[in-house]
Amino acid sequence: MSSTTAGAALLLRPTSSTTNHLLRFASPCPKSHLLRLHSPRRRLPVLRLSLTPPATAGSNSAPSPPSPPPSSTPPPSLFANWSPPRAIWRGLSALLLAGQVFHRVLTGRVHRRNLLAQLRRVGPGSAGVSLLTAAFVGMAFTIQFVREFTRLGLHRSVGGVLALALARELTPVVTAVVAAGRVGSAFAAELGTMQVSEQTDTLRVLGSQPIDYLVVPRVLACVLALPVLTLISFALGLASSAFLADAVFGVSTSIILESARKALRPWDLISALIKSQVFGAIIAVVSCAWGVTTHGGAKGVGESTTSAVVISLVGIFIADFALSCLFFQAGAGDSLKHAMG
């Protein structure tokens with residue numbers, strides 16, 4: 001018993017490698033007892049958590065798949081699917097188109113051949129309708145008040161009233177209305193058809209800008225041709241009024257023309273020309289803007305044409321009121337004093 005204890009004590013002491021080699025054969029203990037100096041490590045059980053309920057023994061359905069994680073995309077904003085009304089969109093496009101036309105005119109980017117063609121179309125092409133309308137408007141206006149003026153003994157002021165009414169209001173507005181119905185509708189229909197049939201895209205492919213080739217000549221033609229038509233219509237309207245007053249109401253033509261000469265001032269004719277230029281710009285810009293924003297085939301072309309004429313007429317009347325307030329506030333009522341003197 002003592003020899004066994006002594007041998008175990010020798011084995012537990014740290015010795016050199018040679019001594020350990022000798023003592024390994026001298027030990028009475030088996031090799032397995034010498035190797036188990038430490039107890040083996042035990043693994044602790046791991047508790048696993050599951051979010052899905054365990055399947056019951058009697059259920060035949062497969063376990064439901066895990067729910068997908070919530071998406072990290074932000075919710076859509078309030079105006080994500082909102083688009084402006086078509087009228088506002090077209091109005092903004094008309095303003096943008098007017099700015100582009102003005103810039104191209106200042107920089108000299110004008111297609112001259114197309115400009116001459118549009119001038120022949122707007123000027124001589126619309127002269128007949130404009131002159132005929134101005135003549136009948138002048139005669140209708142004469143019928144309204146010449147009889148009343150002669151009863152009051154103011155027959156010498158008839159010519160002045162006719163001249164002022166025709167120069168300041170009737171002739172520019174009537175000429176612009178005729179041009180909007182004849183020229184503006186044609187511009188909107190042509191450009192709308194080109195937009196629907198993708199001819200404007202063909203111009204871009206060929207290296208030409210549709211605004212330079214299509215829009216700028218039409219706007220310049222209206223701005224340059226309408227003042228000339230207004231002057232000719234004013235002359236014909238005054239002549240027809242004088243003829244009707246002399247033939248029907250017995251007021252001499254010389255009296256009417258002399259009264260008109262005394263009542264008219266250079267600013268009256270200049271204001272008529274300025275109004276005509278503004279009206280021409282409104283007609284051309286609105287018609288071209290409505291034409292290039294057309295979509296929907298033949299039905300869209302018809303709607304754009306009708307809408308262009310209506311918006312042009314409304315713009316003409318609003319601009320006429322604004323320009324009349326701007327031009328004739330000061331010195332109103334002084335012209336007829338010279339006509340009666």
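1. Contacts of Val122. In this predicted model, Val122 touches Val183, Phe187, Ala221, Cys222, Ala225, Leu226 and Leu229, once residues up to four places away in sequence are set aside. Val122 itself belongs to helix α5, and its relative accessibility of 0% places Val122 among the buried residues, because buried means under 20%. One of the contacts, Leu229, stands 107 residues away from Val122 along the chain, although the C-alpha atoms of Val122 and Leu229 are separated by 9.3 Å.

2. Salt bridges as a group. The count of salt bridges in the model comes to nine, and the points below take up some of them, beginning with a pair that involves Asp212.

3. Asp212 and Arg104. These two residues form a salt bridge in which the closest N and O atoms are 2.4 Å apart. The pair links distant parts of the chain, since Asp212 sits in helix α9 (residues 210–248) while Arg104 sits in helix α4 (residues 86–107), with their positions 108 residues apart in the numbering. Which label, buried or exposed, fits Asp212? Asp212 counts as buried, at 16% relative accessibility, and Arg104 is buried as well, with a relative accessible area of 11%.

4. Asp212 and Arg109. A salt bridge also joins Arg109 to Asp212, and here the closest N and O atoms are 3.1 Å apart. Arg109 is found in the loop between α4 and α5 (112–122), whereas Asp212 is in helix α9, so this salt bridge ties together parts of the chain that are 103 residues apart in sequence. Arg109 has a relative accessibility of 38% and therefore counts as partly exposed, whereas its partner Asp212 is buried.

5. Arg204 and Asp201. The side chains of Arg204 and Asp201 meet in a salt bridge with an N to O distance of 3.0 Å. Both residues lie in helix α8 (residues 199–205), where they are three residues apart, or about one turn of the helix. Arg204 counts as partly exposed at 48% relative accessibility, and Asp201 is likewise partly exposed, with a value of 38%.

6. A shared network. Which residues are joined into one network by salt bridges that share partners? They are Arg104, Arg109 and Asp212. Asp212 bonds in this way with Arg104 and with Arg109, so a reader tracing the network in the structure can begin at Asp212, in helix α9, and go from there to Arg109 in the loop between α4 and α5.

Terms used: Residues numbered from 1 in each chain as written. Predicted model: local features only at pLDDT ≥ 70, side-chain atom pairs only at ≥ 80, totals over all residues. Heavy atoms only, no water. Salt bridge = Lys/Arg side-chain N within 4 Å of Asp/Glu carboxyl O. Helix = DSSP H or I, 4+ residues; strand = E, 2+ residues; numbered from the N terminus. Buried < 20%, exposed > 50% of the residue type's maximum accessible area, 1.4 Å probe, protein only. Contact = heavy atoms within 4.5 Å.
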